[in-house]
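Hello,

Here is the structure I promised to pass on to you. Please have a look at it first, and then read on for my notes.

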Amino acid sequence: MNNFISLLFSGQKLLLKNTKSLDFKAFSTKRNYELIYGIDESSFHTFVFIRNAKSRFVLKDLEFLNELSEKIASKLDIVVKKRVLFYNSPICSKVLKHEEFKKIWKFYDFM
């Protein structure tokens, strides 16, 4: 894990053990994401998406990430309880208020 990612994690007090950087290109053609998989202190499997883009993050993007994380979890044969998104672009207010995704997603800005 590189220094930038460790700074992001420590800034939000996100502790993961057994972290692995998964190749996002194997699952999607989008190039502005990084995907890290790990296990948190409560022994929950966690996906951390890091989005580095200039365009606005909208609900359609969140639905894409949710479907993609389900596919990856089934491929790895795990149950993912938590999903984290670090972003550096504007985010739609509908994404932050969406009740279904509020339970499993955490959003952090790293501008």
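Below is what I found, starting with the sheet and ending with two buried residues. One thing to keep in mind is that this is a predicted model.

The sheet

The easiest place to begin is the open sheet, in which five strands are arranged in the order 1-2-3-4-5 with mixed pairing. Strand 1 (16–22) and strand 5 (105–109) are at the edges with a single partner strand each, so one side of each has no neighbour in the sheet. From one strand to the next, the twist averages 20 degrees.

You can then follow the pairing strand by strand. Strand 1 and strand 2 run antiparallel and are joined by five bridges; Ser21 sits opposite Ile36 of strand 2. Seven bridges link strand 2 to strand 3, again in the antiparallel sense, and Tyr37 has Phe47 in strand 3 as its bridge partner. These two strands, 2 and 3, make a hairpin with four residues between them, and Ser43 in the turn has a positive phi of about 65 degrees. Strand 3 (residues 45–51) and strand 4 (residues 80–87), by contrast, run parallel, with seven bridges between them. Here Phe47 appears once more, with Arg83 as its bridge partner in strand 4.

How enclosed is strand 2? Seven of its eight residues are buried, so strand 2 is largely enclosed by the rest of the structure.

The helix across it

Helix 2 (residues 59–76) lies across strands 1, 2, 3, 4 and 5, at about 140 degrees to strand 3. Its 18 residues reach 26 Å from the first C-alpha to the last, close to the 26 Å expected at 1.5 Å a residue. Among the buried residues of helix 2 are Leu62, Leu65, Asn66, Ser69 and Ile72. Just past the end of helix 2, Asp77 has a positive phi of about 60 degrees.

The cores

In soluble globular proteins, nonpolar side chains tend to be buried together. In this model, the largest nonpolar core holds 24 residues, and Phe47, Phe49, Phe57, Leu65, Leu85, Trp105 and Phe107 have the most contacts inside it. Strand 2, strand 3, helix 2, strand 4 and strand 5 each give two or more residues to this core, and helix 2 supplies the largest share, with five. A second, separate core has eleven residues, including Phe9, Val48, Val84 and Phe110.

Phe57 is worth a click: leaving out residues up to four places away in sequence, Phe57 touches Tyr33, Leu62, Leu65, Leu85, Pro90, Ile91, Val95 and Phe107, among others.

Two buried residues

Arg83 belongs to strand 4. Is Arg83 buried or exposed? With a relative accessible area of 3%, under the 20% cut-off, Arg83 is buried. Its side chain makes polar contacts with two side chains of helix 2: that of Ser69 at 2.9 Å and that of Glu70 at 2.5 Å. Apart from residues up to four places away in sequence, Arg83 also touches Phe47, Asn66, Ile104, Trp105 and Lys106.

Thr46, in strand 3, is buried as well, at 1% relative accessibility. A polar atom of the Thr46 side chain lies 3.4 Å from the backbone oxygen of Phe44. Beyond its neighbours within four places in sequence, Thr46 is in contact with residues including Leu16, Ile36, Tyr37, Val80 and Val84.

Enjoy looking around,

A colleague

Notes:
Residues numbered from 1 in each chain as written. Predicted model: local features only at pLDDT ≥ 70, side-chain atom pairs only at ≥ 80, totals over all residues. Heavy atoms only, no water. Pairing = 2+ DSSP bridges. Axes fitted to C-alpha atoms, helices over the stretch in contact; angles between N-to-C directions. Contact = heavy atoms within 4.5 Å. Core = buried A, V, L, I, M, F, W, Y, C linked by side-chain atoms within 4.5 Å. Buried < 20%, exposed > 50% of the residue type's maximum accessible area, 1.4 Å probe, protein only. Polar contact = N/O pair within 3.5 Å; in protein donor to acceptor, adjacent residues only side chain to side chain. Expected span 1.5 Å × (residues − 1).
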